[in-house]
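Here are some worked exercises to go through with the model open in your viewer. Try each task before you read its solution.

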Amino acid sequence: MLSYQHAFHAGNLADLHKHALLAWMLDYLTAKPKPLTYMETHSGRGLYDLGGDAARKTGEAEAGITRALAEGWLPQGHPLLRALEVVRSFYGPDAYPGSPLIAEALLRQDDSLHLAELHPTEIAALEHVVLFSKLHHQDGFAMANALCPPTPRRGMLLIDPSFEVKADYESLPPFIAKIAKKWNVGIIALWYPLLLDGRHGPMMHALQERFPEALRHEVHFRPAREGHGMIGSGMFVVNPPYGIEAETARLDKIFAPL
Ligand SMILES: C[S@@+](CC[C@H](N)C(=O)[O-])C[C@H]1O[C@@H](n2cnc3c(N)ncnc32)[C@H](O)[C@@H]1O
C-alpha cells in the first residue's frame, strides 16, 4: 500500500532544507546538558547510498547535498555537516543520513529517541543502522499520540509524511493541535512540499489560523524533472527555538538563486 521510497529523493534540495533546520534545532536543544526527547512519526530507513541505483536514477542528490558540499553552501561546523561527517566516517563518502541518523549523530545516549516507521522494509533497514533509538513499527501519528507528553518533557517531534495519503492534508492541522495541547512545551516541526497545484494551501491556512505564532519557512526551487509538481520545501514549527531566524535567513540566501 505504501509505495513512496525516500531512497530516490534522499539528499535532494527538500532534504537539504529540512535537514539543515532539523540539525540546527537539535544542536540548539543540546546546548543545555539536560536530557531531551526526540520523536519522529515518519522515519524512513535512516541511511541512504547516493552512489546507488535509486539516487543515480533521479539525480536529485547531485543537485542537492552533493552540489551544496562542492560549492560550500553551508558554513564549516554547521550541525548538518557535522552529522554528515559522523555518518560518512562509518559508511563511506556516498552515505547520506536520513533524519534518524542526523538525530543520533547530534544527540546524546541519555536522550530519549522514538522513531516510528510503518513500511516493513524501511523499518528493517532502520533497525540495522540505529544505535540507541527505540523503534516503533506502527503508524507514527498513533505513536506520537500515545507518547505525548513524553519524558523528558524538553524536546521535539518531527512529522515528515510522504503525503501519499491525501487525507494527511486534512488530518494534520487537528493532529498537531492535539499534540500541542498535550505537550505545550514541545517543538513540533512539520515538513511539507510546496506543490504547483497548491494542494498544501488549505492545510497551511488551517495551521496558521491555529498557530499564529509558529514559524513558517519556505524555500523555492525548480522542479526536479519536467512535469514534477514539487516546486519548493516548507517547514512549519510550533514553539520554534529562539534564534532560528538566523538559520532561516541563511537558507533564504542559499535557495534564492535556485
Ligand atoms: C519522507 S519519508 C521519511 C524521510 C525521513 N524523515 C528523513 O528525513 O530521512 C516518509 C516515510 O514515512 C513512512 N510512512 C508512511 N506513512 C506512515 C505512517 N502512517 N506511519 C509511519 N510511517 C509512515 C514511509 O514508509 C516513508 O518511509
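## Exercise 1: His42 and its surroundings

His42 counts as buried because 24 other C-beta atoms lie within 10 Å. The cut-offs: a residue is buried with 20 or more other C-beta atoms within 10 Å of its own, exposed with 12 or fewer, and partly exposed in between, with C-beta atoms placed from the backbone. Before going on, note that this is a predicted model, in which local features need pLDDT of at least 70 and side-chain atom pairs count only at pLDDT 80 or more, while totals for chains, interfaces and linings use all residues. Residues are numbered from 1 along each chain as its sequence is written.

**Task.** Place His42 in the fold and list its contacts outside its own stretch of sequence.

**Solution.** Start with the location: His42 is in the loop between β1 and β2 (47-49). Helices (H or I, at least four residues) and strands (E, at least two) are DSSP runs, numbered from the N terminus. Next, skip the neighbours within four places in sequence; His42 is then in contact with Gly140, Ile159, Asp160, Pro161 and Ser162. Contact here means C-beta atoms, placed from the backbone, within 7 Å of each other.

## Exercise 2: annotated sites and the ligand

**Task.** Find the residue that UniProt marks as "active site" and describe its setting.

**Solution.** The unreviewed UniProt entry puts that feature at Asp160. UniProt positions follow the numbering used here, feature names are shortened, and annotations may be inferred rather than shown by experiment. Asp160 sits in the loop between β6 (155-159) and α8 (168-182). Asp160 counts as buried because it has 23 C-beta neighbours inside 10 Å. Leaving out residues up to four places away in sequence, Asp160 touches Lys18, His42, Ser99 and Trp191.

**Task.** Which residues does UniProt list for "binding site", and what surrounds Glu117?

**Solution.** The unreviewed entry lists His19, His42, Ser99, Glu117, Asp139, Gly140 and Asp160. Glu117 lies in the loop between β4 and α6 (120-129), and it is buried, with 28 other C-beta atoms within 10 Å. Beyond four places in sequence, Glu117 is in contact with Ser43, Gly44, Glu122, Ile123, Leu126 and His137.

**Task.** Which residues come nearest to the ligand?

**Solution.** Of the 18 residues around the ligand, the nearest are His42, Gly44, Gly98, His119 and Gly140. A residue joins this set if its C-beta atom, placed from the backbone, lies within 6 Å of the molecule. Sorted by class, the shell holds four nonpolar, 10 polar and four charged residues. Ala, Val, Leu, Ile, Met, Phe, Trp, Tyr, Cys and Pro count as nonpolar, Asp, Glu, Lys and Arg as charged, and the others, Gly among them, as polar.

## Exercise 3: strand β1

**Task.** Work out which way the side chains of β1 (residues 37-40) point and which strands pair with β1.

**Solution.** Thr37 and Met39 point one way, Tyr38 and Glu40 the other, and all are buried. In a regular strand, side chains alternate between the two faces of the sheet. Now the partners: β1 pairs in the parallel sense with β4 (residues 112-116) over four bridges, and also with β6, parallel and over four bridges. Strands pair if DSSP finds at least two bridges between them. Glu40 has Leu115 as its bridge partner in β4, while Thr37 stands opposite Gly155 in β6.

## Exercise 4: backbone oddities

**Task.** Check omega at Pro149 and Pro152, then phi at Phe163 and Asn239.

**Solution.** Cys148 and Pro149 are joined by a cis peptide bond, with omega about 0°. Thr151 and Pro152 are joined by a cis bond too, with omega about -5°. Pro149 is in the loop between α7 (140-147) and β6, and Pro152 is also in the loop between α7 and β6.

Turning to phi, Phe163 is not a glycine but has a positive value of about 55°. Phe163 belongs to the loop between β6 and α8 and is buried, with 20 other C-beta atoms within 10 Å. Asn239, not a glycine either, has a positive phi of about 60°. Asn239 lies in the loop between β9 (230-238) and α10 (244-255), and is partly exposed, with 17 other C-beta atoms within 10 Å.

Conventions: Contact = placed C-beta atoms within 7 Å.
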